[in-house]
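Here is a quick walk through one model, meant for someone opening it up for the first time. Have the sequence and the 3D view at hand as you read.

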Amino acid sequence: MIFELPILGRAHWPRRTPQPFSPQSVARASRLRGATVTPSVCPYCAVGCGQLIYTKAGRLIDIEGDPRSPINEGTLCPKGANAFELAVNPNRLTKVHYRAPNSDRWEIKDLDWAMDQIALRVKAAREADFTATDPDGRRLNSVRNIGTLGGATLDVEENYLIKKLFTAGLGVVSVENQARI
Amino acid sequence: MPGLGASFGRGAATNSQQDFINSDCILIMGSNMAEAHPVGFRWPMRAKARGATLIHVDPRYSRTSAHCDLFVGIRTGSDIAFLGGLIHYVLKHERWFQEYVLAYTNASVLIEEGYEDTEDLDGLFSGFKPEARAYDASEGHWGYEGSPSDRPDDAEETGEAAGRGGQGIHGYGLMGGATSHGQPRSVMTDAPAGEPPRDPTLKHPRCVMQILRRHFARYTPEVVAAVCGCTVEEFTRVAESLCENSGRDRTSMIVYAVGWTQHTTGVQMIRAASILQLLLGNIGRPGGGIMAMRGHSSIQGSSDVPTLYDLLPGYLPQPAADPGHDTLDDYVQHEGLPTGYWVNLRKFVVSLLKAYYGDAAQPENDFRYDWLPRIDGDYSQLLTFERMSRGEMTGYFVLGQNPAGGGPNAGLHRAGLRQLDWLVVVDWFPTETATFWKNDPDAPPPDQIKTEVFLIPAASSSEKEGTLTNTQRLLQWHSKALDPPGDCRSDAWFVYNLGKRLRALYSGSTALKDQPLLNLTWDYDHERPHRLPDGSFSRIAGEPDVDRILQEINGRKLDEIDPRTGRPRLLSGFSELKDDGSTDSGCWLYGGVYPDPEHNRAADRKVDEGPGLQPDWGFAWPHNRRIMYNRASADPEGRPWSERKKLIWWDEAQRRWVGDDEPDFEPEKPPGYRPAPDARGMDAIAGDEPFIMKPDGIAWLFAAGAIKDGPLPAHYEPVESPVGNLIYPRMTHSPTVRTLRGPLNPLAESPSPEFPVVAFTFRLTEHYLSGPMSRFNGWLNELQPEMFVELSPELAEERRIQHGGWLTVRSPRGRIEARAMVTRRIRPLIVEGRTIHQIGLPFHWSYAGASVGGNANDLTSVLADPNVSMHEAKAFTCQVEPGRLAGPVARPTVVPTAWPDTRPIPETPRASQPEGKFVRSEPPR
Amino acid sequence: MPTCTDPASPMNAAGYASRRVTKPPNWHELVAFDMLFNNMTTGLFVVAAAGDLVSRPAFGPLTRLAYPMALLFLTIDLACLVLDLGHRFRFHHMLRVFKPSSPMSLGTWCLTAYSIPLGLLSTIEVLEMAGIREIPAWMRLASITTGIPFAMGAAMYKGVLFSTTSQPGWKDSRWLGGYLTNSAIAIGCAELLAIADLAGQGPVRAIRTSLLALLAINLGFLATLIVELRPAIRTLKGGHRLDLMLTLGAALGVWVPAILILVSGTMPTIASAIIDGIGMVLVLAGNFLVRRSIVMLPHHENDDGIVARWDGGS
Amino acid sequence: MNARELEISAIPEPAETPSGPVATILGPFLPVVRPEPRTPTGFYTDTTVCIGCKACEVACKQWNQLPSDGLNWSGDSYDNTQALSATSWRHVKFIEQFASAGADAPSRWLMMSDVCKHCSAAPCQHACPTGAIIYNEFSNVYIQPDICNGCAYCIAACPFGVITRSDLDGHAHKCTLCYDRQRDGLIPACAKACPTASIQFGPIDELRDRAHRRIEELNSRGTPSAYLYGEAPTATYSELHSFYLLVDRPSTYGLPESPFNPWLRMRGDYLRSLLGGLAAIVAMILVWTLRMP
């Protein structure tokens, strides 16, 4: 047992005496020991803060700023500090959700099924709308009844694939994202 | 960004965030940097600590204003008046940087006979076509004297040209600025004898400097105060700080964000800032320039490698259905520039077509240029949803965006979605867009909504690898830390595998229309099983090898095989590109990002001591230049303007440009170099012309035909404004703005007593955009748990609104309820002797998520500015009343959870577990 | 949410100045009962022990019952202490350190130490009542003498514990400890009187008179305490209710019993016994009221309606 | 260049501490090898550069995996956290000081990130009867979660209203100054996240020097009102290991104008307590001896 006697010290209050550490306090250490660290970039705004992602046994255990980054030097804003909760979140979807026409509920579907269905819908729509030339005989080669939206939150390579498949491949012209200027 | 593109040659932020620290004065306008970009704001704060002056000009006193030395409250949408005033001040008091302006801008260039200014035409420029609500720059004689358009025999195609302008086909991205009409881009500036006629004395009435002086003569401090609602003293203090902190020894920086762009005059606001910075000599120099603070992690990347309807990668215009774009030769002749860097246009296009169509693209078939779809109208988001709402769209893909919550006039967007046959949403959470049929309180019951919805769970950024291009053009690679859970997949996986399936569906087809798809190069499979950082193998099948995609974007020498990979050698930069089909490149602009199979420069994480430009951290386009146009950091003779502001300079001994940054200039072209009269391409750029993307190598104070709503910025009121235009009384709002009238998009164009209050939207630090990435997260929700509206005590008293109570905001488009945040940070303004009330609405809430509430974007309107089809969320009119709305209120659609995860951390002893996962060891008391 | 009194300045330029900085510990009735039973057991023991020392023959018959009762009260007190903990199964951690700097630590140790002689005495008395007489007298004497200082310590620490905090009222009441210890003895005396009445033997009159004296002294301490608490009470919303409670406590716990006991002195045994009994109950009730008022003081809202959120849990 | 974050993964985790009923009951009583004292560390919070972004709050919750407190809109400027609590160990305060329209007083919006003060002589530590609250080897005030039994005395003792008890596990919780991170040479999550270096962490002496330099700078640059709160001991209170640079009265920021350590009065109170008892006993015995036959 530890005795902590109040010997009068500086400014009249009990002075430090040997402290009653518990076994757990003695063993205390950060959970980052033995974790795998991966350099990353914050998914929120365009400042482009460097982040470090820590994983253990295939699970995300921590995301914090990369101290080496010349942009943020390890710091983050509340959203960047929250990046962990984007990936680890009970509200996050992990299955394909499908809503049939006029239905009032989601159905959980198989990913392959969904991909096939989507491909079929795209083909059908394209067949119906592909226009080689307009009434004045100007070349169009365009599909205008389908469109894609989004890209500013995606990776550069993903943007490249979208434009390549939809515009260069299928002839879809309405390919857009958040960026206006 | 045509504003910057037209002025300097490239549409992107000129400097880097770290470079704020070198600035002596920072003007933050149209940006709420401390709240929208808190970590970026650390650099202005550092500059402040070193003695720099921080100025914030904004309608609302925000967390940014709290840290600026000077805050000036102005009426939203009056920015051009304020900036015009600053330009007027600089010219009137002769505070402009003479040598810089003379050498590096087109101040001395003579403009065509016949050009008429807003001064002459009461707020209009010459060349206006009322029927098309568009300008014809050529007819308006906006060009340089002696340019083709100055020669009468070249004046064809103009009618159709105006038509195209009206249809809003942009091609703005081509970084010299937009083609404002159907004629070749060179038509405005291509002088027969190389150099256009100039008057170095700046006395000639038709020289740009004189036009500038006349144009901005009206923008006196008194007028500024009257229009903006600030005081003359406040204005002059801003002007003085900028002037005092510009010149040889000092530089000032201007920061903007969507506070400028989300206006029908946004492009011209940026133009005004460009003119001001050029006059003060702040472009291309450390601590100077114009920083565009952009909103999304890769919004710059998604413009460079665009998912935009009118752009091909590298800011090449999407071919339009015009004679000018008919064949590859037409296209190159039409869009290329004979002088300056754009002479290489053909190399860029051909290499792109090779990247797209591979071996199918051959010289004899024009590299399949004809396979590219042509645009015959405006297919931008707003116009597309407008068509959608009229039932003209069949299917739609939404990847990581939320138009039902974040789209301007979100009600119209949702109406559009209800008209679709099918919708595919790829996202992390059930967003407004994914659940519009279910959770939208304003929508009809689900059984009346036909839309079929596929909601594909997406991988989070930590669960995929790839490149993000940030606001300072910096490409940064993020590695994959772990596999996504369940059926979550990266968007790359989704697009790649959808492509594979479609190609399978079409395989064997001989139809001409299917050949582009079937010949598309579409092989990005991993060659070896994909390993995760912890050494385990990824369980995801069919994930594309993102490195291979980035290598294709970088570009390859197709006729040289790299022995190490057995694949074509990677290019070291865009200078290696050829127009004979021997190279491919998915985006010429990113050339050099992957110069070697072993070296992905976007993944570079090397840091040198000291602040510096850190050239080995990531890769900045173009070719890792951190400060663009940096040739201008030295004087015409190649010497630094001052020791304090040196960046690169001409080293006579080495016969090359040396310094801290990669020269944005031909490294061995001496300052004294002068082109031959008939010189073409880069040879036509003299050794003292820093803006190599411009045909004449100099920056444009006067935008000769590069912008659709005028060669110079002029103040127009927002489309919805309670006051008239005090500067050009005959022109209330921009004559070229496209208002998409319709039952779903009513407007209060003329000042109306029904909607007397000015409203603008803003961003909070604690939330992100329309909320998909924040309103499902407990730690952020608790910090800003409810929609509120900021209003002044005066307005609150007038409307009997209690602080903390409820109020409703009504615009012509819709009505929402919110809590009242009555605060002195919002002040009523006196304009035209009347009190104008402004309110601020955070735009983060809607009906899906753990925290739901009124959506500011149900109030905003769909408008399209003529250059980029940008809407106007930062200024619209509304009515404010106390109390709540009748009818159904949105309820949280997911259960707010206290902890993201309550399981203990694996492979971690109890003593090292986080302390916050309180374990209940007995029933609570 | 701060209500906007002046629409022109919703946000007070004085910022958080109107907020109470400290947070109340969320102690409630249990603690008030703990304070009472602490006094009941320690008081009864000290009084009984004093009696035994003054005259074993006179008080013996009473203390024989008193010690086991004191033990009972102690058990109830300890139960209150344990039940009031956030983590009851960790009460024994109190004995992990001996820490005189913490009144609570000191008090716990005193209670523990006090429980041993008390337990011993009670066993002795019970055994003797059961007819076993071989227990040597020195054992009782030793237990009594060792018990008294610890009982006193156990009675003394409670008030110091409250006055050695940063809570409004508590921190200003220099005589809180004095009052509690003092009233402990008074309570003990009242209890002994009741026992005497029940047992129908012992120096009843002497005890009655001493109780009167003790109540008189106690009144003085209580008055001082109320004066010390007043300023804090004034800042509270509904502070007058607390005031009322305290005055009521003073009346019930001191005045009325004093009068009753004066009266009962002049009455035949049975009647006086009943009145004494009522008097004792009132003493307890009054003292409980006072203790409850003291415990609840920092948990009342400030006058401006802003109460510091004390618990962030769940 | 500090890349401790990258080296950390190389260190092995310590062995698991014994568990089970016996260890739970006896563990706290077992003797342990106490860590050697290290250089005292703490926080220096420069409120003049706080941009009120609340990164500290989220970084703290993320690192310590603290639960969110639910959705309560306060209407109190941008402060929806309202108070430090068992589940919010950082609290960013907002003070809007704006003159009414017309009046020409300076307008400012003060922001401050509040946290446990880690007093060098901490009332909560004096109060704790179980030894759960200790000064760890960095001289930080640390509540040992495996020891605390939720008596709440520390809550009553704290003059800053920092500590509260959680309904979830009945323990008292507060800022640990990221004890676990410090053990591994990492700086606390909040200080690391803070984008503008408003929250600075380090050896307390260094921080004091830095703060003094900052004060001189501010005073010379026209902020004469800037001063340090809690960086030095007063007659009634010890120095704080988390001290602040303020520009307005402490009470404006919700801090006590002059904190008082209740322990200064403890011995006196014990004496008075004893007096109260003795007075009664003496009187009682006196009466008895007089009235006894």
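Which residue is the bridge partner of B:Gly466 in β14(B)? Keep in mind, as you look, that this is a predicted model.

## A small sheet in chain B

The partner turns out to be B:His478. That pair belongs to β13(B) and strand β14 (residues 474–478) of chain B, which line up in the antiparallel sense over four bridges.

Zoom out a little and you'll find an open sheet of three strands, in the order β13-β14-β18 (chain B), with antiparallel pairing. Its edges are β13 (466–469) and β18 (619–620) of chain B, and each of these pairs on one side only.

## Getting to know chain A

Chain A has 181 residues, and 69% of them are buried. It holds five helices and nine strands. Read from the N terminus, the elements go β-α-β-β-β-α-α-β-β-α-β-β-α-β.

What about its overall dimensions? Along the principal axes, the C-alpha atoms of chain A fill a box of roughly 100 × 40 × 30 Å. The radius of gyration of chain A is 28 Å, while a compact globule of 181 residues would have one near 16 Å. As for contacts within chain A, take those between residues at least 6 apart in sequence: 32% of them join residues at least 24 apart.

## Where chain A meets chain B

How many residues does each chain bring to the contact? Chain A supplies 115 residues and chain B supplies 144 residues. On the side of chain A that touches chain B, helix α5 (residues 156–170) of chain A gives the most, with 14 residues. Sorted by type, the residues on that side of chain A come to 56 nonpolar, 34 polar and 25 charged.

The two chains also share strand pairing. Strand β8 (residues 139–149) of chain A runs parallel to strand β10 (residues 395–399) of chain B, and four bridges join them. For a spot to click on, try A:Leu149, whose bridge partner in β10(B) is B:Val398.

## Nonpolar cores

The largest nonpolar core counts 482 residues, and the ones that touch the most other members are B:Ile26, C:Cys189, C:Leu192, D:Ala59 and D:Cys154. Let's pick B:Ile26. Leaving out residues up to four places away in sequence, B:Ile26 touches B:Phe20, B:Pro44, B:Ala47, B:Ala52, B:Leu54, B:Ile55, B:Met253 and B:Val255. Apart from that largest core lies another core, of 34 residues, including B:Phe788, B:Ile826, B:Ile839 and B:Phe876.

## A loop residue worth a look

Now turn to B:Gln362, which sits in the loop between α15 (345–357) and α16 (381–389) of chain B. Why does B:Gln362 count as partly exposed? Because B:Gln362 has 13 other C-beta atoms within 10 Å, and the partly exposed class lies between 12 or fewer for exposed and 20 or more for buried.

Setting aside residues up to four places away in sequence, B:Gln362 touches B:Phe367 and B:Gly581. Along the chain, B:Gln362 and B:Gly581 are 219 residues apart, yet their C-alpha atoms are separated by 6.9 Å.

## Two domains in chain D

Last stop: chain D. Its domain assignment gives domain 1 (35–260) and domain 2 (265–293). Taken over C-alpha atoms, the centres of domain 1 of chain D and domain 2 of chain D are separated by 45 Å.

Notes: Residues are numbered from 1 along each chain as its sequence is written. Chains are lettered from A and ligands numbered from 1 in the order in which they are written. This is a predicted model: local features need pLDDT of at least 70, side-chain atom pairs count only at pLDDT 80 or more; totals for chains, interfaces and linings use all residues. Two residues are in contact if their C-beta atoms, placed from the backbone, lie within 7 Å. Ala, Val, Leu, Ile, Met, Phe, Trp, Tyr, Cys and Pro count as nonpolar, Asp, Glu, Lys and Arg as charged, and the others, Gly among them, as polar. Two strands pair if DSSP finds at least two bridges between them. The radius of gyration is taken over C-alpha atoms; the globule rule is 2.2 Å times the number of residues to the power 0.38. Domain bounds come from an automatic or database domain assignment. A nonpolar core is a set of buried Ala, Val, Leu, Ile, Met, Phe, Trp, Tyr and Cys residues joined through C-beta atoms within 7 Å.
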